[in-house]
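Work through the following exercises with the sequence and the 3D structure at hand, and try each task before reading its solution.

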Amino acid sequence: MADIAIDLGTANTLIEVKGEGLVVNEPSVVAVDRETRKVRAIGLEAKRMLGRTPEGILAVRPMRDGVIADVDMADLMLRHFLERVLPRGFFRVKPRVVIGVPSGITEMEKRAVRAAVMSAGARSVYLISEPMAAAIGVGLPVTSPRGSMVVNVGGGTSEIGVVALSGIVADASIRVAGYEMDEAIVGYVRKSRNLLIGEATAEGVKIQVGSAYPLEEEREMDVTGRDLVNGIPKTVRVNSIEIRECIAEPVAAIVSAVRRALEVTPPELASDILDAGIVMTGGGAQLRGLGRLLERETGLSIHLDEQPLTCVVRGAARVLEDWDLYQGVLSH
Ligand SMILES: Nc1ncnc2c1ncn2[C@@H]1O[C@H](COP(=O)(O)OP(=O)(O)OP(=O)(O)O)[C@@H](O)[C@H]1O
Ligand SMILES: [Mg+2]
């Protein structure tokens with residue numbers, strides 16, 4: 001049977017086809033012709049157009065805060081990704097789909113995800129909460145009575161889950177993650193340098209010099225944007241100390257969410273977590289020093305998965321492979 005696992009993320013969409021492995025790993029961006037609404041590009045090609053599209057083209061991110069923000073665009077994007085990877089005529093086979101969703105998702109948002117996947121040609125859709133999928137993806141014993149804790153920091157959501165016996169025992173989910181850091185950097189550079197920079201530039205600053213904890217060697221880099229005073233392109237230098245300060249707020253929000261999840265964790269499971277530590281997943285978890293900061297703030301040991309960006313889709317794919325074992329982890 002042709003089954004499919006999907007992580008429809010705010011920043012990136014990943015798709016695994018059972019038996020074939022990862023077949024899509026691209027930014028969640030779609031570019032359409034403004035008038036005809038025909039798709040001009042999706043994924044990486046469309047991301048390159050963000051913030052620099054000519055008049056006739058519209059490039060958008062259909063996902064926000066982990067959920068569908070633009071239904072039509074999300075449908076288009078998903079359909080195009082699936083058409084790209086599925087053999088012709090496949091849609092008559094109608095795959096079974098497991099898709100990761102934020103644990104804080106509302107009923108209405110769930111319906112939108114289900115509808116998008118069904119309209120892309122699925123036979124049935126199963127939702128799995130992202131921290132659960134991430135936990136399975138990194139190989140934690142989610143069906144056992146032992147408690148395991150996962151912190152997934154994506155682009156639009158940060159989700160913390162304590163899992164045991166196939167369920168989420170304690171969790172916290174906030175709509176603050178990588179993007180809020182990018183936005184904070186845009187705001188800071190505007191205020192401190194009178195310079196307007198784009199989203200992609202801000203993300204580059206975060207990845208190159210961003211941090212959550214003092215670095216052994218602080219860094220600096222040049223940033224180019226448009227001078228707000230005279231409208232002319234200008235380059236300025238920023239350093240890792242000021243960037244750390246400017247993203248401190250979203251970082252602190254993530255730390256408090258981890259604390260909140262720990263506070264509602266039953267004591268028996270808390271002792272498991274003390275033994276095993278916490279696993280971090282998601283692209284945003286790669287922020288320099290985030291693990292160290294969490295270690296300092298919680299006293300627990302923190303591990304970053306080796307492939308943090310693919311944990312959710314790998315977990316969803318595992319569920320398809322071992323349906324009998326994992327059926328209980330699906331959410332309704
Ligand atoms: N080296 C890095 N340092 C800091 N942040 C990074 C790094 N690499 C990627 N990111 C950030 O990771 C985020 C994307 O991660 P991921 O693909 O896990 O999100 P997503 O699953 O699409 O979003 P969500 O789960 O919130 O819907 C982006 O904000 C990106 O800027
Ligand atoms: Mg994600």
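**Exercise 1.** Place glutamate 109 in the secondary structure and decide whether glutamate 109 is buried or exposed.

Solution. Glutamate 109 is found in helix H3, residues 107–119, where helices are DSSP runs (H or I) of at least four residues, numbered from the N terminus. Its relative accessible area is 18%, so glutamate 109 counts as buried, a term that means under 20% (1.4 Å probe, protein chains only). A polar atom of the glutamate 109 side chain lies 2.9 Å from the backbone nitrogen of threonine 106.

The model is predicted, with local features needing pLDDT of at least 70 and side-chain atom pairs pLDDT 80 or more, while totals for chains, interfaces and linings use all residues. Residues are numbered from 1 along each chain as written, chains are lettered from A and ligands numbered from 1 in written order, and side-chain values use heavy atoms, without hydrogens and water.

**Exercise 2.** Describe the residues that surround ligand 1.

Solution. Ligand 1 is surrounded by 20 residues (a heavy atom within 4 Å), and the closest are Thr10, Ala11, Asn12, Glu203 and Lys206. By class, this shell holds 4 nonpolar, 13 polar and 3 charged residues, with Gly counted as polar. Helix H6 (residues 199–209) gives the most to the shell, with 3 residues.

**Exercise 3.** Which atoms lie 2.7 Å and 2.8 Å from an oxygen atom of ligand 1?

Solution. At 2.7 Å there is a polar side-chain atom of asparagine 12, and at 2.8 Å a backbone N or O atom of glycine 156.

Definitions and conventions:
Polar contact = N/O pair within 3.5 Å; in protein donor to acceptor, adjacent residues only side chain to side chain. Helix = DSSP H or I, 4+ residues; strand = E, 2+ residues; numbered from the N terminus. Buried < 20%, exposed > 50% of the residue type's maximum accessible area, 1.4 Å probe, protein only.
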